[in-house]
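Please look at the sequence and the model shown here before reading on. The paragraphs after it go from the whole chain to its strands, and from there to its aromatic rings and its surface.

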Amino acid sequence: MGYKKGEREEFLEAQKKIQEQLKEKSFLPLYLLYGEEDYLLSYYKKAFFQAFSENEGINCMVVEELPPTDELISAVETLPFFAPYRLMVFQGKSSGRKKLSEEFIQYLKNSPKETVLLFIEEKVDKRSSLYKVVKERGLCLACMEQDQAFLQRFALQQLKKEGKKIRENVLGLLLSRSGSSLYRIVNACKNCVDYIGDEEEITQEAVEAVVEKLPEDRVFDLIEALGRGDQEKVFQYYGDLLRLEEKPAKIQNLIRKNVEKLLVVREYLTEGLREREMESRLSMDSWRVRKYIAQARTYTQSGLQSLFHSLLRLEEENRKGRISDSLALELLLANQAENLLP
């Protein structure tokens, strides 16, 4: 899940403000970080702790389990120790799933500015009282899946820190294999740096040697092999996915999602849509759209529809308990290759 229209500009503006405040150590009373991009959540959490690390972190407090509201308010009103601010961190995953009381949230409208409250959540309802209070008195930062331009800059920064260079086409390969997860990009860059040693440039060979393909891309290869009627490759890719401990039900779901996108792209090609228009409609990065276009052109519309309907039939049989996940998928892979041939 990425940003909706207008949300990326909000993210960039909020990110700029939060970085300035961390640098100047001049804080608002409330912050809310949320989203599925764990790297960004972790990065800013560490940055806040570092900003409050003086006096052996005595002015830092992590709320593991929510106490009664009166005790929580008392903790917020505790004055900082020889410093302008103290920090209290509330992390949704570690707070026992117990929710903040409405009384406490209303209290936050006038909580002391000397106590900085940092809330970290995976999901947030923008209609909630907490979101509205933080939006009014503090800063909300949505840490969602980033776009291709951000991912490119991020990867280049990781490599620059190590004194390494990379060509544009090789960077594209690295990102296609590491996907949109910033943690995976960090690991991919580190592995490539370790692989080339004292060499200055990250090569295509290095990326192919140490950066594993994503399950989604292995599924893409599997569908491509189905399209060629190459049963040997089909089951080779299927075996690779099983070795990555991907469950048959998930593999089947990934195949269905890929085929759905291929059907849409095939329809767009028939309508004469340009690549950029497809990017916008599909909310997909350009390199991935190009992959779908290239693959869609190798299939017949009827072949893709046949595969899609077979997937739906087998899913229905599986839901009714007439066939197992693994057998349903293996029957699909064994029987559908010839139907996809142009």
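What follows is a walk through this predicted model, from the overall picture to single residues.

The protein has 342 residues, of which 46% count as buried, and its secondary structure consists of 17 helices and seven strands. Measured out along the principal axes, the C-alpha trace spans about 75 × 55 × 40 Å.

A good place to enter the fold is strand β4, which covers residues 115–121. Six of its seven residues are buried, so β4 is largely enclosed by the rest of the structure. Strand β3 runs parallel to β4, and six bridges join the two; within this pairing, Leu 87 stands opposite Val 116 of β4. Strand β1, residues 30–34, also pairs with β4 in the parallel sense, here over five bridges. Along this second pairing, Leu 30 has Leu 117 as its bridge partner in β4, while Tyr 31 stands opposite Leu 118.

Strand β1 has a further partner in strand β5, residues 139–142, with which it pairs in the parallel sense over four bridges. Here Tyr 31 stands opposite Leu 139 of β5, and Tyr 34 has Ala 142 as its bridge partner. Tyr 31 thus has a residue opposite it in β4 and another in β5.

The side chains of these strands can be followed next. In a regular strand, side chains alternate between the two faces of the sheet. In β1, Leu 30, Leu 32 and Tyr 34 point one way, whereas Tyr 31 and Leu 33 point the other way, and all of them are buried; β1 is accordingly described as mostly covered, with five of its five residues buried. In β5, Leu 139 and Leu 141 point one way and Cys 140 and Ala 142 the other way, and again all are buried.

Tyr 31 also leads from the strands to the aromatic side chains, as it forms one aromatic cluster together with Phe 27, Phe 48, Phe 52 and Tyr 85. In the whole model the count comes to 16 aromatic pairs. How are the rings of Phe 90 and Phe 104 arranged? Their centres lie 6.2 Å apart and their planes stand at 45°, so the pair counts as tilted, a class that takes in the angles left between under 30 degrees for stacked and over 60 for edge-to-face. This pair links distant parts of the chain, since Phe 90 belongs to strand β3 (residues 86–91) and Phe 104 to helix α5 (residues 102–107), 14 residues apart. Both Phe 90 and Phe 104 are buried.

An aromatic ring also takes part in a contact of another kind, at Phe 220, where the charged end of Lys 291 sits over the ring, 4.7 Å from its centre.

The surface remains to be considered. Ile 58, Phe 81 and Phe 82 make a nonpolar surface patch of about 380 Å². Of these residues, Phe 81 is found in the loop between α4 (69–76) and β3. Is Phe 81 buried, exposed or partly exposed? Its relative accessibility is 43%, and because this value falls between the limits of 20% for buried and 50% for exposed, Phe 81 counts as partly exposed.

Conventions. Residues numbered from 1 in each chain as written. Predicted model: local features only at pLDDT ≥ 70, side-chain atom pairs only at ≥ 80, totals over all residues. Heavy atoms only, no water. Phe/Tyr/Trp six-rings, centres within 6.5 Å; stacked < 30°, edge-to-face > 60°. Buried < 20%, exposed > 50% of the residue type's maximum accessible area, 1.4 Å probe, protein only. Lys NZ or Arg CZ within 6 Å of the ring centre and 35° of its normal. Pairing = 2+ DSSP bridges. Patch = residues over 30% accessible without salt bridge, like charges linked within 9 Å, V, L, I, M, F, W, Y side chains within 5 Å. Areas by Shrake-Rupley, 256 points an atom, 1.4 Å probe, with all protein chains shown as cover. Salt bridge = Lys/Arg side-chain N within 4 Å of Asp/Glu carboxyl O.
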